[in-house]
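Welcome, and please open the structure in your viewer. We will go from stop to stop, with something to select at each one.

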Amino acid sequence: MTDFKDRFIADALELLAKLEKSLLMLEVKPDNMLIVEEIFRGLHSLKGASGMYGFNKIGHLMHIIENVYDEIRDGRLKVETEIVNLSLSVVDFTNNVLKLGEDVSDSSLSEFTIIEKQISSYLSEVSNNNESVSEPVNEEVANDNVEKTYYITFNHDEEFEKRGIKLDSVFKELKEVGTVVSIPVKDDDSNIEVWEIFVVTKASPEDIDDVFIFMMDIVTIELLANENLFKNNEFNTVIQNNSALKQKNDIHYLRNLIKGEDLQEEKMDDDGEVLNEVEAEEVKEKELEAPKPQKSMINYLRVSADKLDEQMDLLSELVTAKAELRLIVEKEGYEKLAKLIESIDKTTNRFRKNILNVRLVQIKTLYIMFLRLVRDISKHLGKNVEFIAEGLETELDKNIIDSLESPLTHLIRNSLDHGIEYPEERIKVGKKERATVSFKTYRSGSEIIIEITDDGRGINKDKIRRKAIDRGLINEETELTDKQLYDLIFLPGFSTAQNLSEVSGRGVGMDVVKRSINQLRGEVEIQSEQGKGTKVLIKLPMSLSIIDTLLVQSGNQYFAIPLPDIQKCTMLQEIDLQLTDNNQIKIEEELVPYIHLRSVFKIKGQAPSSQKVVVIRSMEKEVGLVVDSVIGEYQAVLKPFDGYLINQQYLTGASLLADGQLCVILDTGKLVDNSQLLEAAGKVVY
Amino acid sequence: MAKTIVIVDDFKTNTVVIRHALHQKGFEILEANEPEDALKFFDGRQIDLMVTDFKMPGMTGAELTKAVKAKPQYANMPVLILSSEKSEQCKVDARAAGAYGWLNKPFDINRFLKIVNSIFK
């Protein structure tokens with residue numbers, strides 16, 4: 001259940017943040033009923049959920065403050081600064097309490113009582129005729145362990161059938177609750193079968209309600225006595241006689257059988273609460289009078305992500321159409337249209353930025369979860385860990401954030417479990433007793449970089465190497481760079497831990513981590529220094545569907561290269577290639593390995609005499625791509641591959657060009673990274 | 001065949017918890033945090049129970065129930081509402097829409113499971 005508790009806290013904190021915003025807005029626009037409604041909804045959600053996860057005191061606080069907004073909704077109260085202040089203090093208090101991960105405890109109890117009193121006294125001040133706003137925190141049901149007799153009756157009619165209720169199962173359920181005597185009788189007027197049931201049980205009224213949960217409105221449940229009436233001879237005689245006569249029991253008569261007993265006469269509704277009908281009627285009238293929210297006042301909208309996705313798709317089509325138009329204009333030379341195209345260009349660009357922005361969510365939402373994770377796990381493991389976060393305001397596409405939750409959780413668990421040493425061990429090797437795990441996020445061009453760093457023991461390279469040899473992944477002689485070595489960790493089932501622990505199984509799942517990151521068109525890399533710590537670097541695109549690229553051509557095939565990865569473009573003369581040693585080309589005094597796109601993609605035909613080189617840089621490595629020609633910048637609407645193309649090695653997807661031709665989008669990371677490819681190009685790479 | 005249950009609650013933790021609990025009991029779960037999304041589940045497939053919050057953005061649990069039950073295939077499907085809404089009117093609305101079950105939040109998850117089990121007995 002703790003997992004859920006953590007989730008609840010994260011969700012609740014998010015809700016509280018929203019509440020805070022709404023409250024501040026309400027202060028500025030006290031008449032805006034939409035804001036009131038939103039606040040009410042937020043409090044209501046928090047109230048319900050708090051109770052479910054054992055945060056009863058917080059639930060109670062939410063309940064009493066919710067009442068205030070209920071009054072406002074119904075027009076009985078007006079928004080005042082005092083209300084906003086009180087609400088904000090509830091939000092702050094709850095925030096603080098939740099961040100500790102527990103319900104109101106001894107240390108915060110006094111503050112809780114003060115806030116509670118403030119709200120109740122405010123309410124009693126403003127509404128003298130409405131006393132019953134605040135309820136005691138602990139409504140203890142008395143007589144919990146006493147046998148009680150209930151009288152239940154319902155008509156076994158069409159309605160019963162319509163709801164698909166089976167009489168057998170109702171009785172069966174009921175027998176699990178207590179001792180049951182059920183009597184079928186005939187209704188005097190109609191010929192409908194009426195059931196009368198007497199149940200003796202120690203169970204709570206709720207347990208009985210649960211049995212009849214789908215027929216609450218057609219069943220009558222009454223508490224007859226706070227004792228076992230089956231032990232009462234007179235009672236037994238009466239019901240037996242009536243039963244034999246198929247005659248309905250007179251409840252008042254039965255009640256009177258039990259003299260001197262303090263009986264509850266009210267009819268319970270399904271909560272066991274007594275509903276005052278007059279009051280309910282009043283509320284209804286007030287509701288009708290409540291001012292209608294005005295449309296112009298909308299400040300926030302909840303939009304489903306699907307709708308945004310759809311917008312994105314539409315925009316993608318617009319971008320393609322625009323490119324097509326531009327192509328025609330350029331070919332046919334409609335001078336006058338050129339300016340118009342320019343402005344359409346600008347607008348679509350802004351539009352695109354705009355939509356992307358709407359979808360962006362701060363990474364902070366993840367941080368809150370991780371904060372708890374680190375706290376709980378380090379406590380569980382007996383390690384002393386400080387969790388440092390940087391760049392929490394960094395924004396990422398909502399879809400990416402959601403998909404990051406599980407791989408990042410895994411990485412942090414790994415750090416805590418395997419990276420960080422126990423305090424004694426740290427002291428022994430001269431490290432600070434308190435370890436650090438840092439979670440750093442920043443933007444770099446159109447990429448987001450996430451770094452998870454620990455100052456733990458680092459990765460034992462020899463161990464990995466030995467394991468790889470044992471598994472036949474590499475030979476004794478294979479020379480590997482550190483990066484290549486660490487990349488082995490991402491292979492399925494590659495595990496370096498001797499014992500799989502409860503917190504995380506090292507290695508298990510690292511392949512899954514890599515896969516989930518790759519699915520987001522991201523890259524993951526490990527850097528480590530033994531004894532000093534490990535850093536996991538994740539690079540992600542900010543958005544998934546439209547990317548700026550450079551369009552190039554080799555043979556008849558178009559390729560799009562993501563713009564941020566391009567270092568430089570240059571002419572390539574045949575003579576350059578002849579002069580270069582070991583397939584490295586000298587560009588601005590630097591030797592860069594190069595590959596021919598023609599050979600990678602097996603394009604037939606003769607390359608033109610003047611080719612171009614596009615130098616791409618990814619994962620801190622550079623490679624020159626030799627192409628026939630460079631066409632220009634191009635906004636590619638990425639359509640990911642599916643089906644049998646999904647494992648396509650050097651491509652991330654395809655895009656439709658303005659004139660209907662297909663262009664493929666190069667996966668620069670993989671092109672740069674692939675040693676085989678570079679070796680095939682006749683190269684010593686590393 | 002496993003029974004299929006649709007869960008709707010705009011508070012994500014709730015759907016997660018309920019899904020988890022029901023999943024362990026072998027139910028197939030379809031989960032939505034928006035009533036609009038929940039409606040998409042009712043596309044002709046077999047659904048044996050809907051468990052929904054009452055107060056949600058865009059649509060109440062009663063309105064959702066009504067929309068679902070308008071499709072003849074789901075007209076007799078039981079609907080259980082989980083809500084901390086205490087107004088009697090909401091319950092009346094829910095019943096009128098065909099949602100006969102109402103369980104007050106907060107509830108005990110075991111109690112909830114017992115109820116769900118009893119529906120399929």
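Where in H15(A) does a kink lie, and by about how many degrees? Keep in mind on this tour that the model is predicted. Select A:Glu405: the kink is there, at about 40°. The proline A:Pro407 follows shortly after the kink.

Now widen the selection to the whole of helix H15, residues 398-419 of chain A. How far apart should the ends of its 22 residues be? At 1.5 Å a residue, the expected span is 32 Å. The end C-alpha atoms are 30 Å apart, which agrees with that expectation.

**Next stop: where the chains meet**

Show chain A and chain B together. On the chain A side, 43 residues are in contact with 40 residues of chain B. The two chains bury about 3,800 Å² between them, and 54% of this lies on carbon and sulfur atoms. To see where chain A loses the most area to chain B, select A:Met52, A:Ile213 and A:Phe214; together they account for 17% of what that side buries.

Salt bridges also link the two chains, and the count is three. For one of them, select B:Asp10 and A:Arg41. The closest N and O atoms of this pair are 2.5 Å apart.

**Next stop: chain B as a whole**

Hide chain A and colour chain B by secondary structure. You should find five helices and five strands. Follow the chain along its sequence and the pattern reads β-α-β-α-β-α-β-α-β-α.

Chain B has 121 residues, and 61% of them are buried. Its accessible surface comes to about 4,700 Å², with 51% belonging to carbon and sulfur atoms. Among the contacts in chain B with a separation of 6 or more, 60% are between residues 24 or more positions apart.

**Last stop: one methionine**

Select B:Met77, in the loop between helix H3 (61-69) and strand S4 (79-83) of chain B. Is B:Met77 buried or exposed? Its relative accessible area is 5%, so B:Met77 counts as buried, the cut-off being under 20%.

Which residues does B:Met77 touch, leaving out those up to four places away in sequence? Show B:Phe42, B:Ile47, B:Asp48, B:Leu49, B:Met50, B:Val68 and B:Lys69 around B:Met77. Finally, draw a line from B:Met77 to B:Met50, C-alpha to C-alpha: the two are 27 residues apart in sequence and 7.6 Å apart in space.

Definitions and conventions:
Residues are numbered from 1 along each chain as its sequence is written. Chains are lettered from A and ligands numbered from 1 in the order in which they are written. This is a predicted model: local features need pLDDT of at least 70, side-chain atom pairs count only at pLDDT 80 or more; totals for chains, interfaces and linings use all residues. Side-chain values use heavy atoms; hydrogens and water are left out. Helices (H or I, at least four residues) and strands (E, at least two) are DSSP runs, numbered from the N terminus. Buried means under 20% relative accessible area, exposed over 50%, partly exposed in between (1.4 Å probe, protein chains only). Contact means heavy atoms within 4.5 Å. Accessible areas come from the Shrake-Rupley method with a 1.4 Å probe; for residues, only the protein chains shown count as cover. The expected span of a helix is 1.5 Å times one less than its number of residues. The bend at a residue is the angle between axes fitted to the seven residues ending there and the seven starting there. Buried area is the accessible area (1.4 Å probe) that two parts lose on being put together, summed over both. A salt bridge is a side-chain nitrogen of Lys or Arg within 4 Å of a carboxyl oxygen of Asp or Glu.
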